Amino acid sequence: MKGGQKICPAVFRGVGADREILVFRHPLAGVQLVKGTLETGEAPQHGAARELREEAGIDGLPVAADLGTSALIADGQIWHFFRFGGETLPEAWTHRCLDDGGHDFVFFWHRLDQEPGGDWHEVFRRALGYLRSHAISSSDLDAIVALDARLLAGHTAAAGDVFDVESHREKVAASLKTSQLICVERDGRHVAHTYFWPLAEGRWFVGAFSIDPAHRNASVLTEIGRRMATIMEAEGIETLESNVYRTNTLSLAFHEKLGFERFMENEKGFALRIERARLSGSVLGRRLGGQA
C-alpha cells in the first residue's frame, strides 16, 4: 500500500456482544474496511464522510467520534479513524465503486468479537484490532472498570496503595488509546478482559488480566489465549510483560498457567514476562495445539 495519510470511517451497530462493524468484500483483494487517502487540504472528518460516500454509497451519516490515529497499521502511513453509527443501514448491499476502473463491493456486517478469517488482508486485520480497542462505548468502559474494581481494590489496599475508581477509569481510557483490547462476554455479561500496549519494538506491557471469579474456567482462558496469540502474531510481539501484587495469588496463578515467568520482584509484587515462543508450551498453548 502507498504511504501518506489514510482515513478509515468505521461504521458500527449494536451493543455489547452483539456489536458489529461494517466491512465489504473486494472482488480481488478480500475482506476490507472502508479506507482511503486524505486529499490535500482536506479535514480528516470530511475525508471520512467522502470515503463512505464513494466506497459504500453511504451519505449523510454524522461522525459520532474521533477514534484517534495510528502509525502501526501499515509502514509509512498514518491512519485516522472515525466512528459512525449504522443502526439505520440494511443487512447487506452491493455498491459500484469507481476506483481502479470500477469494482462491485459487497457490504455486510462482521461481529466485533469475531476473529477475521483468512480472506482478510493483513493491514485490515491490524485496523480491526485497533478499532476493537478504541471504539468501546462508555458502558463497555464502565464494565471494564467495574470488574477491575472488584478484583483489584483489596489487593491495592493490601499493598499500601489507593484504588480510586475515577482515577482508574481515566487511566484505562488513556491506555486503551494505544492498546490491544480483548473482552470476553458470557450470556450478555462482561466476564473478562485484558489489554496490552507497546513498550518497544516486539515488547509489550499487559495493563490488566481481569476475570470474574465465577468464570475462571477453560472456556474463558482458552478464548483469551487464542485471541492473544493471534494479536501477538499479527503485531510481531515477541515478549509480553506484566506486574502482579503479591497478595493477588489468583492472578499470579493465572499468569503462570499462561506461561509467564517471574523476572523481578519487590516488597509489593512481581514483574512477569512471556515470550511468544514459550506460549505454545504452556498449559494454554498445549490446549490450543501450539497455535502461538
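This is a chat about ring pairs, charges over rings and one helix pair in a predicted model.

Colleague: How many aromatic pairs are there in this one?

Modeller: The count comes to ten aromatic pairs. One of them is Phe-24 with Phe-107, a tilted pair at 5.1 Å centre to centre with 40 degrees between the planes.

Colleague: Why does that pair count as tilted?

Modeller: Planes under 30 degrees apart would be stacked and over 60 edge-to-face, so what is left is tilted. Phe-24 and Phe-107 are at 40 degrees.

Colleague: Where in the chain do Phe-24 and Phe-107 sit?

Modeller: Phe-24 is in strand β2 (residues 20-26) and Phe-107 is in strand β8 (residues 103-111). They are 83 residues apart, so the pair links distant parts of the chain.

Colleague: And are those two rings buried or exposed?

Modeller: Buried: Phe-24 has a relative accessible area of 1%, and Phe-107 is at 0%.

Colleague: Which residues make up the cluster linked by ring pairs?

Modeller: Phe-24, Trp-93, Phe-105 and Phe-107.

Colleague: OK, what about Phe-209 and Phe-260? How are their rings arranged?

Modeller: Their centres are 6.0 Å apart and the planes are at 85 degrees, so that pair is edge-to-face. Phe-209 lies in strand β11 (residues 203-211), while Phe-260 is in the loop between α6 (249-258) and β13 (261-265). The pair ties together parts that are 51 residues apart in sequence.

Colleague: Buried or exposed, those two?

Modeller: Phe-209 counts as buried at 13% relative accessibility, and Phe-260 does too, at 3%. The cut-off for buried is under 20%.

Colleague: Switching topic: which rings have an Arg over them?

Modeller: Phe-270 has Arg-262 over its face, 4.3 Å from the ring centre. Phe-263 has the charged end of Arg-273 over its ring, at 4.2 Å from the centre.

Colleague: Now helices. How do α3 and α4 pack?

Modeller: Helix α3 (residues 138-158) and helix α4 (residues 165-175) pack at an angle of about 125 degrees, and their axes are 10 Å apart. That angle makes α3 oblique to α4.

Colleague: Is the crossing left-handed or right-handed?

Modeller: The α3 and α4 crossing is right-handed.

Colleague: Which residues meet there?

Modeller: From α3 you have Ser-138, Leu-141, Asp-142, Ile-144, Val-145, Asp-148 and Ala-149. On the α4 side they meet Val-165, His-168, Arg-169, Val-172 and Ala-173.

Notes
Residues numbered from 1 in each chain as written. Predicted model: local features only at pLDDT ≥ 70, side-chain atom pairs only at ≥ 80, totals over all residues. Heavy atoms only, no water. Phe/Tyr/Trp six-rings, centres within 6.5 Å; stacked < 30°, edge-to-face > 60°. Helix = DSSP H or I, 4+ residues; strand = E, 2+ residues; numbered from the N terminus. Buried < 20%, exposed > 50% of the residue type's maximum accessible area, 1.4 Å probe, protein only. Lys NZ or Arg CZ within 6 Å of the ring centre and 35° of its normal. Axes fitted to C-alpha atoms, helices over the stretch in contact; angles between N-to-C directions. Parallel < 35°, antiparallel > 145°, perpendicular 65-115°, else oblique. Left-handed = near helix turned anticlockwise from the far one by under 90°. Contact = heavy atoms within 4.5 Å.
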